[in-house]
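Biologist: Could you take one part of this model and walk me through it closely? I am still new to reading structures, so please go step by step and then show me what lies beyond that part.

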Amino acid sequence: MERAAIVRSLSCTSMACGRYLLSRSCRTSLSSSILFPSTPKPKLSLSPSPTVRHSLQRRRWRFAPSPYLSSRKHFSLLCPRAVASPSIPSSPSSSPSPEFPHVKDKVALELGFEKVSEEFIPECKSKAVLFRHRKTGAEVMSVSNHDENKVFGIVFRTPPKDSTGIPHILEHSVLCGSRKYPLKEPFVELLKGSLHTFLNAFTYPDRTCYPVASTNTKDFYNLVDVYLDAVFFPRCVEDFQTFQQEGWHFELNDPSEDITYKGVVFNEMKGVYSQPDNILGRISQQALYPDTTYGVDSGGDPQVIPKLTFEEFKEFHRKYYHPSNSRIWFYGDDDPNERLRILGEYLDMFDASSAPNESKIEPQKLFSKPVRIIEKYPASEGADLKKQHMVTLNWLLSDKPLDLETELALGFLDHLLLGTPASPLRKILLESGLGDAIVGGGVEDELLQPQFSIGLKGVSEQDIHKVEELVMTTLKKLANEGFDTDAVEASMNTIEFSLRENNTGSFPRGLSLMLRSIGKWIYDMNPFEPLKYEKPLQDLKSRLAKEGSKAVFSPLIEKFILNNPHRVTVEMQPDPEKAAHDEATEKEILQKVKAGMTKEDLEELSQATHDLRLKQETPDPPEALKTVPSLSLQDIPKEPIYVPIEVGDINGVKVLQHDLFTNDVFYTELVFDMSSLKQELLPLVPLFCQSLLEMGTKDLTFVQLNQLIGRKTGGISVYPFTSSVRGKDDPCSHMIVRGKAMAGRAEDLYDLINTIIQDVQFEDQQRFKQFVSQSRARMENRLRGSGHGIAAARMDAKLNTAGWMSEKMGGLSYLEFLRTLEERVDQDWVNISSSLEEIRKSVFSKQGCLINITADGKNLANTEKAVGKFVDLLPTRSPITTTNWSATLPLTNEAIVIPTQVNYVGKAANIYDSGYKLSGSAYVISKYISNTWLWDRVRVSGGAYGGFCDFDTHSGVFSFLSYRDPNLLKTLDVYDGTGDFLRELEMDNDTLTKAIIGTIGDVDSYQLPDAKGYSSMLRYLLGITEEERQRRREEILATSLKDFKEFVDAMEAVKDKGVTVAVASPEDVDAANKERFNFFQVKKAL
């Protein structure tokens, strides 16, 4: 996503934070929110991992604020997103039901619907009505409340019978033009020109979801109409070229060349199958459910995708994309009558279908005895393979769906076992030294039958059975002895706080509720029940109080795990020859295909390749573009969203206060100056942050400290933050301690933060070594799965000091440091420990501290005393001696070589150095380049999963990036052609208006109160005034074609002076260096 500002920050590297960030929760980061109050659209990641359609926009992972300590993953009803606190006051059921607009029965009937049931859901302060379309049987959940962030979603049951990826390819393809919107990709037009707060689609193992969200009602209904037309009347079922583009096709540019496979989904899944963790997850799922639709890969196996035919593709749509097979969701403050009117226009065109019977998901029968599976995954040649095995134990928990109370109890059990660094199963596995990091997602409940998975990676072959034995003996011990009382209390408060806070970050709350409801509704169960956690929660609390935790949880461990024969053990062995073997097999298949073709066949295929590329690169005609509904500039507010801020002083420390309604939750950030830190200590900072949260004090073990955080707060996190500051040479560098609690617990929160930053002792050598191993394993996984982030960090490190700092704490340099440190811990622990202490003394001080608070006015006033007490306890030090940060990496083109089937290609330069002066038009232009030139050339015709550009307005770095890209030099040629693209660009007023509106949609993205307060704080740190925000907005709204033409010089500067970094396969790098002699310096990373 184009950046109004790029700032960098590392999330706390604790496993708690890592798993929270990378599993079900959406990733959150701030970008334009620094200059404007917005958060970029999330890259959704659910489990079991749905495949997401959206072209991956650039995620500056190093900025994502650390999730609060101890939440392992986003739960559905079972699994909350955040961390502990005493219970939020008042049972929602005790409050009176508010009045919302309703649909009269007579009106519903006139519109073609009948009301099935209606309930007020106090947990989300909403009135929910279930309608059935009388003609087709389509079911509609219409949820009314006061949330302006309106959500629509349509979901189809789409069970595949093989691993050709047909649901996934169809999910991509239906958004490539429809009956009413006959252009190549209406989806991209919506990306360019709407105010959406969410716009995406994703494929689960058994269903396909199409959700949108917007706070603007007119825009919202535009999005709904485009999506409904797309799913019911797509052009792709008549257009073979769309199937080829999104799915797969043979590509032959010239009859004399080799034939290759191309296709967006094909290359996306090649990337997925390059990541060992993803391979393990897929094998585990398929082995647990061998007799069902879950026994194949709905996303598609690259070796199987080319077996899919266009006829099968069309038939799948005809069979399953029918109103009778759909579940439709509306949520928000719009008119429920209008919802039914819009739906009726589409649904009335259809008759009832037998699809619901044909799409029914059959359960997996339980095994009578355990199963063991051994598979191989691609590893680097020449790597040390001794400790690269992986093993998971996986259980299918039931042969049928569970009741809500049992599900909730299992969710609590999951949190007790694995949810925090102090959780016994997780702690024992990591402290065993048998592996580097946890694999397996614990309880997963989003399919028809729940499962439980746990294991380790980075295991020696001879230790595989020891891991299995340790898992089983630990579970047996916990079943026999039960859990610590404080642990149970902390878990209860964690889950209850999270459910009541309902903080979904930048992910729309209505979509979170939709996915929760769909988890049951899609299996013909009650869609209301998953939304109502209050009664099962209170029932579980009553049981715990009456019977004790052992009586509640031990039977669950015994029944669902220990005495359950449906167990699958999956062992993954590293194979340095697998990647080459797979590539050779693919080439052999393609050679046979070519050998079986006549000269005429080859010429025909070459012509077909040319015709497809021509279609992909030919712009839509203006009349087609005009069919996509859009807003006008008159619909756009002329002023940026204002966040209240009061700058004050408490006992000598600057305090920022944001008076916002937060439902009695208190949010705070403690910001400490990092500029006096010695340069050589930078790489230790992420591990220092983790140590603060996961080591003990003189009086408290780390387990006790962790439980205290869980019992008294909503979570605490610690992470570094760095950014360039426009117009200044020195970077902005801080360490941020972030926390939340109920307002009545604010003093407890500050007391715990004080304990963490001042009293934690850096004495546990073995525990620290675990942190290093976990971080190294996580970085290696990031190289394979998020190579674009690694490339971006590396380019920034070559171009500015803030980038260099961030790369030292989270890029390839950090990985290299971790590998060295892992060996050093045993020999030089005394010096490492003293270095950690030195970081503490350099950073945590009253001097240079800033405190940020977001709460309502009453709570802001009530907590001043607690803030003052905290400030008085802070150490003071002599005047800060600022370190002279002026380092960068050499400006050389680099190829970071890893075993992968796809590449990540970047190129960047500082355009301020070439004379460019910042204007708000740059946000419009960079977004337009991403959604037109790069989308068409890198993704659509190039076959990459994503291609985009990014402008860091603080440093001046403009960068190009691709994601899961089959090309390397070809992609660089596209980047270098951007200046010519702008030079030749013609644009009518409608197109320009859309580009402006889409940019405003980014900068005005919906934010919850805590994010508003956080964004405001970052603007303060970076010196961005309200006057500048207003000026940039006016420049955005006044953008003209002339601005695009003037941006050519900046793009030519990137072409001529830019530095290139690619994370790529050795074969592709060798080929590139032969084609362009020694273009890349090669750095082997895995």
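Modeller: Let's begin with Phe-232, which has a relative accessible area of 5% and is therefore buried, since buried means under 20%. Please keep in mind that this is a predicted model. Phe-156 is also buried, because its relative accessibility is 0%.

Now let's turn to their rings. A search of the whole structure gives 46 aromatic pairs. In one of them, the ring centres of Phe-156 and Phe-232 are 6.0 Å apart and the planes meet at 90 degrees, so this pair is edge-to-face. Phe-156 belongs to strand 6 (residues 150-157) and Phe-232 to helix 5 (residues 217-232), so to speak two distant parts of the chain, and the pair links them across 76 residues. If you wonder why two numbers are quoted for a pair, it is because a pair of aromatic rings is described by the distance of the centres and the angle of the planes.

Helix 5 also takes part in another pair, through Tyr-227. The centres of the Tyr-210 and Tyr-227 rings are 6.4 Å apart and the planes are at 80 degrees, so this pair is edge-to-face as well. Because Tyr-210 lies in strand 9 (residues 207-214) and Tyr-227 in helix 5, the pair ties together parts 17 residues apart in sequence. Tyr-210 and Tyr-227 are both buried.

You can now put these pieces into one picture. Phe-156, Phe-232, Tyr-210 and Tyr-227 are among the members of a cluster linked by ring pairs, which also includes Phe-233, Tyr-321, Tyr-346 and Phe-350. A charged residue joins the scene at Phe-233: Arg-179 lies over the face of that ring, 4.2 Å from its centre. There is another such arrangement at Tyr-204, where the charged end of Arg-207 sits over the ring at 4.2 Å from the centre.

With that part in view, let's move on to the nonpolar cores. The largest one has 92 residues, and the members that touch the most others are Phe-672, Leu-687, Met-735, Phe-768, Leu-783 and Ile-851. This core lies between domain 3 (641-873) and domain 4 (894-1084), because both of them give residues to it. Take Phe-672 as an example: leaving aside residues up to four places away in sequence, its contacts include Met-735, Val-737, Ile-757, Val-843, Phe-844 and Phe-870. A second core, separate from this one, has 70 residues, among them Ala-201, Leu-228, Phe-243 and Ile-342.

It helps to see how the chain is divided. Its domain assignment lists domain 1 (105-361 + 576-619), domain 2 (371-506 + 526-575), domain 3 (641-873) and domain 4 (894-1084). The centres of domain 2 and domain 4, taken over C-alpha atoms, are 41 Å apart. Six residues from domain 2 and four residues from domain 4 make up the contact.

Next, here are some strands to trace on your screen. In strand 24 (residues 894-897), Glu-894 and Ile-896 point one way while Ala-895 and Val-897 point the other way, and all are buried. Strand 24 runs parallel to strand 28 (residues 1059-1064), joined to it by four bridges, and Val-897 has Ala-1064 as its bridge partner there. Four bridges also join strand 24 to strand 29 (residues 1081-1084), again in parallel, with Lys-1083 as the bridge partner of Ile-896.

Strand 27 (residues 957-963) makes a nice comparison exercise. Seven of its seven residues are buried. Val-957, Ser-959, Leu-961 and Tyr-963 lie on one side, and Phe-958, Phe-960 and Ser-962 on the other, so to speak two covered faces. Strand 25 (residues 904-910) runs antiparallel to strand 27, with five bridges between them, and Lys-907 stands opposite Phe-960. Strand 26 (residues 946-952) is also antiparallel to strand 27, over seven bridges, and its Asp-950 stands opposite Ser-959. Strand 26 and strand 27 form a hairpin with four residues between them, and Gly-956 in the turn has a positive phi of about 90 degrees.

Lastly, look at a loop residue. Lys-125 has a positive phi of about 50 degrees although it is not a glycine. Lys-125 sits in the loop between strand 3 (113-121) and strand 4 (126-133), and its relative accessibility of 52% makes it exposed.

Notes:
Residues numbered from 1 in each chain as written. Predicted model: local features only at pLDDT ≥ 70, side-chain atom pairs only at ≥ 80, totals over all residues. Heavy atoms only, no water. Buried < 20%, exposed > 50% of the residue type's maximum accessible area, 1.4 Å probe, protein only. Pairing = 2+ DSSP bridges. Phe/Tyr/Trp six-rings, centres within 6.5 Å; stacked < 30°, edge-to-face > 60°. Lys NZ or Arg CZ within 6 Å of the ring centre and 35° of its normal. Core = buried A, V, L, I, M, F, W, Y, C linked by side-chain atoms within 4.5 Å. Domains from an automatic or database assignment. Contact = heavy atoms within 4.5 Å.
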